[in-house]
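Biologist: Hello! Could you walk me through this protein, one question at a time?

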Amino acid sequence: MSTAAVSRRTMLKGGAAAMAGLSVIRIAGPARAFQTPVGGTVVPWTDELEENPVPQVIVQQLDWETLDSWITPNDEFFIIKHYDEPVIDTASWSLQIDGLVTTPLSLTLSDLQVRERSEVTFTIECSGNTGLPFFNGGIGNATWGGAALGPILEEAGVLDGASEVVFWGADAGDQTRGDVTITEHFARSMSVAEAMAPENMLCYEMNAEPLPPLHGAPVRLIAPGWYGVANVKWLTRIEVTDQRFAGHFMARDYVTMREETVGDETIWTFATVSHDRLKSVPARVLEQDGSYLVQGAAWGEAIGGVDVSVDGGDWQPAELTTDGADPYTWTFWTFDLGQLAAGEHTVASRAVSVSGDEQPAPDDPFLAGKSTFWESNGIVTRTFLVS
Ligand SMILES: Nc1nc2c(c(=O)[nH]1)N[C@H]1C(S)=C(S)[C@@H](COP(=O)(O)O)O[C@H]1N2
Ligand SMILES: [Mo]
């Protein structure tokens, strides 16, 4: 078991203590690399991504074929921003905590830094990842450092009757509803109980460096177990309310629409994107001396195993090369393909969680009934050419 997994358990057990103001320091796992055979060469995928039509939103993607470390270096980490990058002067920046609290707080970066430091290693995935033909690198794994959120909310004193916590970003853009156009700030919310989870943090460090500007400097929310969109960057305000928050990125965008049968009626359901889902992908194929192997990643829940299917054949178990116990971090796996005939081949992977959940096939009714591209955690099949 990794130190990260052990300390997560410790932290969960110590959740009450953590909320009372004690935070638990987590030690990141080693920078575990893919086991690249010496002299092995990458066989490029032939099902290449389409050109990214929204480079101002999807600013950077993870490159699976060159990925070689379990922790994603900051300069290789994917970047998503929906509005222009905000200009923030850290020296005059402060975070307001207000709304339904007994003691509104205004915290500077140094106010946060003098608090006990928390650390969590968390694989963030954008919920749009693999849902669009130009987007399969919306994921990365980092060790995030900051101040635990729960004790700060406790200090502010959440009033009885409060139900929701809204995290506001500094970035804003125009949104039109009907014939009204407003300038709306990026914001997302979760319930008070969800916000109090001991692993949530106001993050100012990424992989032991100050949080980089495009990742939300000076401070972002890190909410382990939640899809990327919940991890609000460039925080300016945390508002406690007694109403559900229905801003653009809660109620219009990042909403999964599904067609479901209820009794003998077909209805549409709407759900705001929230928690990560069980998923895996083949990352790359390597060749050495005429033998092939495929390496990949699995995440979204604690990983019990990964199965691989080659050219549509039976599912066979892959070997997990990193520990799967921590539900917040990805697990790397490898599968020996042996020798392969010349021509095009396919490889697919299926994650199985420690509790026995299986990553669904794309034609699973739950996924097939979905009309939006968010939360596309179906099995991914990739293609490569053996010459
Ligand atoms: N303020 C703000 N926070 C944001 C976003 C944004 O556009 N503005 N994008 C969200 C989305 S959709 C994702 S997937 C993650 C991406 O985090 P990263 O760019 O650090 O990888 O940030 C989230 N936080
Ligand atoms: Mo996202």
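Biologist: How many cavities of 30 Å³ or more are there?

Modeller: Keep in mind that this is a predicted model. A cavity here is a place where a 1.4 Å probe fits but cannot get out. With that rule and the 30 Å³ cut-off, the count is four.

Biologist: Which residues lie nearest the centre of the largest cavity?

Modeller: Let's begin with its space, which is about 260 Å³. Its lining divides into eleven nonpolar, four polar and four charged residues. The lining has 19 residues, and those nearest the centre are Ile-80, Arg-220, Gly-228, Asn-231 and Lys-233.

Biologist: Which strand gives the most residues to the largest nonpolar core?

Modeller: That core has 58 residues, and Ile-97, Leu-112, Trp-144, Phe-167, Leu-202 and Ile-238 touch the most other members. The strand that gives the most to this core supplies five residues, and it is β10 (residues 201–206).

Biologist: How many residues are in the other core?

Modeller: This core lies apart from the largest one. Among its members are Val-285, Ile-303, Leu-337 and Val-386, and its residues number 20.

Biologist: What share of the residues in the chain is buried?

Modeller: Buried means under 20% relative accessible area. The chain has 387 residues, and the buried share is 54%.

Biologist: And how many strands are there in the chain?

Modeller: Both helices and strands occur in the chain. Helices number seven, while the count of strands is 23.

Terms used: Residues are numbered from 1 along each chain as its sequence is written. Chains are lettered from A and ligands numbered from 1 in the order in which they are written. This is a predicted model: local features need pLDDT of at least 70, side-chain atom pairs count only at pLDDT 80 or more; totals for chains, interfaces and linings use all residues. Side-chain values use heavy atoms; hydrogens and water are left out. Helices (H or I, at least four residues) and strands (E, at least two) are DSSP runs, numbered from the N terminus. Buried means under 20% relative accessible area, exposed over 50%, partly exposed in between (1.4 Å probe, protein chains only). On a 1 Å grid over the protein atoms alone, a cavity is a set of points where a 1.4 Å probe fits but cannot get out, and a pocket is an open set with protein on both sides within 12 Å along at least five of seven lines; lining residues have an atom within 4 Å of a point. Grid points are joined across faces, edges and corners, and a volume is the space filled by probe spheres set on the points. Ala, Val, Leu, Ile, Met, Phe, Trp, Tyr, Cys and Pro count as nonpolar, Asp, Glu, Lys and Arg as charged, and the others, Gly among them, as polar. A nonpolar core is a set of buried Ala, Val, Leu, Ile, Met, Phe, Trp, Tyr and Cys residues joined through side-chain atoms within 4.5 Å.
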